[in-house]
Amino acid sequence: MKLKNAICALTAAAMMLGTVPVCNETGIFINTAVTAEAAKLSMPTGVKATVSGSKAAITWNKVSGADGYVVYMATSKNGTYKSVAKVGPDASAKTITGLTSGKYYYFRVRAYERVPSGNIYSYASDIKYVMPK
């Protein structure tokens, strides 16, 4: 986690200089030659999570310039969020199945933009949660 925090700090400093260290969705450093302009991808807003049975429907507002979205899930608010779905630019919803009743599930969404060296990811959306009954 300390490495990710260090990368975030470096990202802020590098943006002032016009370049951004780019990491893939798992936080692995992949490139420093991307301009700050390309990294201005907005995070998804309007994120909602609703539950029906053992399914959660996650919805969000589309982000201009996004090439797709990644939905992340955790079983505690401050836990480890893992990618559970990757969808294209036209999607603004994803249903996650197989949830256990009586257990909380927390969701975040990130937009991404493809660049020659990989993908640039937006900041993660606000956290939303559901608990199947």
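Helices (H or I, at least four residues) and strands (E, at least two) are taken here as DSSP runs, numbered from the N terminus. On that basis I read the order of elements from the N terminus as α-β-β-β-β-β-β-β-β-β-β. The count comes to 1 helix and 10 strands.

**Entry 1: the model itself**

I note at the start that this is a predicted model. I looked up the confidence and found an average pLDDT of 83, with 71% of the residues scoring at least 70. Residues 10-20 have a pLDDT below 50, although this stretch has 20 contacts in the model beyond near neighbours in sequence. Where pLDDT is low, the predicted coordinates should not be read in detail. I therefore leave those 20 contacts of residues 10-20 without further reading.

**Entry 2: whole-protein totals**

I looked up burial and found that 35% of the 133 residues count as buried. The protein exposes about 7,800 Å², and carbon and sulfur atoms supply 54% of that area. I then turned to contacts between residues at least 6 apart in sequence; 55% of them join residues at least 24 apart.

**Entry 3: the nonpolar cores**

Which residues have the most contacts inside the largest nonpolar core? I find Ile-58, Trp-60, Tyr-69, Val-71, Ile-96 and Phe-107, in a core of 20 residues. At least two residues of this core come from each of β4 (55-59), β5 (68-74), β6 (82-87) and β8 (105-115). The strand that gives the most is β8, with 4 residues. Apart from this core I find another, of 7 residues, including Ala-74, Tyr-81, Tyr-106 and Tyr-121. In soluble globular proteins, nonpolar side chains tend to be buried together.

I went through the contacts of Val-71, leaving aside its neighbours within four places in sequence. Among them are Ile-58, Trp-60, Ile-96 and Phe-107. Val-71 also touches Lys-82, Ser-83, Val-84 and Ala-85, and its list includes Lys-94, Arg-108 and Val-109.

**Entry 4: aromatic rings**

How many aromatic pairs does a search of the whole structure find? I get 5. For Trp-60 and Tyr-69 the ring centres are 5.4 Å apart and the planes stand at 50 degrees, so I log the pair as tilted. Are Trp-60 and Tyr-69 buried or exposed? Trp-60 is buried, because its relative accessible area is 4% and the cut-off is under 20%. Tyr-69 is buried as well, at 0% relative accessibility.

Ring pairs also link Tyr-104, Tyr-106 and Tyr-129 into a cluster. Tyr-106 is one of the residues of the 7-residue core.

**Entry 5: charges over rings**

I looked for charged groups over ring faces. Lys-86 lies over the face of Tyr-112, at 4.7 Å from the ring centre. The charged end of Arg-108 sits over the ring of Tyr-81, 5.9 Å from the centre of that ring. Arg-108 is also one of the contacts of Val-71, while Tyr-81 is among the residues of the 7-residue core.

**Entry 6: Tyr-104**

I place Tyr-104 in the loop between β7 (93-96) and β8. Its relative accessible area is 38%, so Tyr-104 is partly exposed. Leaving aside neighbours within four places in sequence, Tyr-104 is in contact with Ala-74, Thr-75, Tyr-129, Val-130 and Met-131. The C-alpha atoms of Tyr-104 and Pro-132 are separated by 7.5 Å, with the two positions 28 residues apart along the chain as the spacing.

**Entry 7: two serines in one loop**

Ser-122 and Ser-125 both lie in the loop between β9 (118-121) and β10 (128-130). Ser-122 has 3% relative accessibility and so counts as buried. Ser-125, at 1%, counts as buried too.

I listed their contacts without residues up to four places away in sequence. Ser-122 touches Leu-41, Ser-42, Met-43, Pro-44, Arg-110 and Ala-111. Ser-125 touches Met-43, Pro-44, Val-47, Arg-108 and Val-109. Met-43 and Pro-44 appear in both lists.

**Entry 8: the C-terminal end**

Where is Lys-133 found? I find Lys-133 in the segment after β10. Lys-133 counts as exposed, because its relative accessibility is 88% and the cut-off is over 50%. From Lys-133 to Ser-52 I read 8.5 Å, C-alpha to C-alpha, across 81 residues of sequence.

Notes
Residues are numbered from 1 along each chain as its sequence is written. This is a predicted model: local features need pLDDT of at least 70, side-chain atom pairs count only at pLDDT 80 or more; totals for chains, interfaces and linings use all residues. Side-chain values use heavy atoms; hydrogens and water are left out. A nonpolar core is a set of buried Ala, Val, Leu, Ile, Met, Phe, Trp, Tyr and Cys residues joined through side-chain atoms within 4.5 Å. Buried means under 20% relative accessible area, exposed over 50%, partly exposed in between (1.4 Å probe, protein chains only). Contact means heavy atoms within 4.5 Å. Accessible areas come from the Shrake-Rupley method with a 1.4 Å probe; for residues, only the protein chains shown count as cover. Rings of Phe, Tyr and Trp (its six-membered ring) pair if their centres lie within 6.5 Å; planes under 30 degrees apart count as stacked, over 60 as edge-to-face and the rest as tilted. A charge sits over a ring if NZ of Lys or CZ of Arg is within 6 Å of the ring centre and within 35 degrees of the ring normal. pLDDT is the predictor's confidence in each residue, from 0 to 100.
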